[in-house]
Amino acid sequence: MSGPTYLAYDYPLLSVFWSMLLLFLWIMWFVLLFRVVVDIFRDDDMSGWAKAGWLVLTILLPFLGVFVYVIARGKNMGRREVAQARAQQAAFDDYIRQTATGGDGRSSSVDELARLSEIRSRGDITDDEFRRAKELVLSGHGASAGTGAGPTAAGR
């Protein structure tokens, strides 16, 4: 038999299992280490010196430092992460709301055109008034001048 064939026989299934387990634990350790370091910087209640102390402890004695940090401050790690996720979701929702309204609080041209069409279908404005208001909306000047605020709509 050749050399590569012997390698497959010399490395049994149990050794593959242990190697994969150790690789998984090693990756999990680094994930935990990075989460602790990120949490150290995320915590606004800690002073700069406390952050520096925890960071030095986790760098110089990584296993002991991370385990002590998780024991001492682990309960609040989850709370800080949830608070950050909620803040990000609120910021995203505000961004979506602002983008959907055109960014300046006014309704979009689609909303104004729908409102104009509804007013015309009720018979509050004529087709000519609808056409002029639609041109104003599409040109970007807004439709408030011809959508019920004028004298023609008030007299009906």
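In which helix does valine 36 lie? Valine 36 lies in helix α2, and the legends below describe its surroundings and other regions of this predicted model.

**Figure 1. Overall fold of the protein chain, an arrangement of seven helices and zero strands.** Along the sequence, the predicted chain follows the pattern α-α-α-α-α-α-α. The chain has 156 residues, of which 18% count as buried. Among contacts with a separation of 6 or more, 45% are accounted for by residues 24 or more positions apart.

**Figure 2. Surroundings of valine 36 in helix α2.** Valine 36 has a relative accessible area of 0% and is therefore buried. Leaving out residues up to four places away in sequence, valine 36 touches Thr58, Val66, Tyr69, Val70 and Met77. Leucine 55 is 19 residues from valine 36 in sequence, and the C-alpha atoms of the two are 9.0 Å apart in space.

**Figure 3. Packing of α2 against α4.** The two helices pack at an angle of about 60°, and their axes are 9 Å apart. The crossing in which α2 passes α4 is left-handed. From α2, the contact is made by Trp29, Leu32, Leu33, Arg35, Val36, Asp39, Ile40 and Arg42. The residues of α4 that take part are Pro62, Phe63, Val66, Phe67, Tyr69, Val70, Met77, Arg80, Glu81 and Gln84.

**Figure 4. The largest nonpolar core, with nine residues.** Its members are Trp29, Leu33, Val36, Ile40, Met46, Trp54, Val66, Tyr69 and Met77. Two or more residues of this core come from each of α2 (13–42) and α4 (62–100). The helix that gives the most is α2, with four residues. Tryptophan 54, one of the members of this core, is in contact with Ile40, Met46, Gly65, Val68, Tyr69, Ala72 and Arg73, its neighbours within four places in sequence being left aside. A second, separate core has six residues, including Leu116, Ile119, Ile125 and Phe130. In soluble globular proteins, nonpolar side chains tend to be buried together.

**Figure 5. Buried and exposed sides of helix α3 (residues 48–60).** The 13 residues of α3 reach 18 Å from the first C-alpha to the last, close to the 18 Å expected at 1.5 Å a residue. Lys51, Trp54 and Thr58 are the buried residues shown in α3. Viewed down the axis of α3, the buried residues fall within an arc of 70°, so they line one face of the helix. Gly48, Trp49, Ile59 and Leu60 are exposed on the other side of α3. The cover over the buried residues of α3 includes α2 and α4.

**Figure 6. Helix α5 (residues 109–122) and its buried side.** At 1.5 Å a residue, the 14 residues of α5 should span 20 Å, and the end C-alpha atoms are indeed 20 Å apart. Glu112, Leu116 and Ile119 of α5 are buried. These residues cover an arc of only 65° around the axis, and therefore lie on the same side of α5. The face turned away from the buried side carries the exposed residues Val110, Ser121 and Arg122. Among the elements that cover the buried residues of α5 is α6 (127–139). Glycine 123 follows α5 and has a positive phi, near 90°.

**Figure 7. Helix α6 and the residues that line its buried face.** With 13 residues, α6 reaches 18 Å from its first C-alpha to its last, close to the 18 Å expected at 1.5 Å a residue. Buried in α6 are Glu129, Phe130, Ala133 and Val137. Seen down the axis of α6, the buried residues fall within an arc of 100°, so they line one face of the helix. On the other side of α6, Asp127 and Leu138 are exposed. The residue glycine 140 follows α6, and its phi is positive, near 100°.

**Figure 8. Aspartate 127 in helix α6.** Aspartate 127 counts as exposed because its relative accessibility is 55%, and the cut-off for exposed is over 50%. Serine 117 is ten residues from aspartate 127 along the chain, and the C-alpha atoms of the two are separated by 9.8 Å.

Definitions and conventions
Residues are numbered from 1 along each chain as its sequence is written. This is a predicted model: local features need pLDDT of at least 70, side-chain atom pairs count only at pLDDT 80 or more; totals for chains, interfaces and linings use all residues. Side-chain values use heavy atoms; hydrogens and water are left out. The expected span of a helix is 1.5 Å times one less than its number of residues. Buried means under 20% relative accessible area, exposed over 50%, partly exposed in between (1.4 Å probe, protein chains only). The arc is that of the directions from the helix axis to the C-beta atoms. Contact means heavy atoms within 4.5 Å. A nonpolar core is a set of buried Ala, Val, Leu, Ile, Met, Phe, Trp, Tyr and Cys residues joined through side-chain atoms within 4.5 Å. Axes are lines fitted to C-alpha atoms, for helices over the stretch in contact, and angles run from 0 to 180 degrees between N-to-C directions. A crossing is left-handed if the near helix is turned anticlockwise from the far one by less than a right angle, and right-handed if clockwise.
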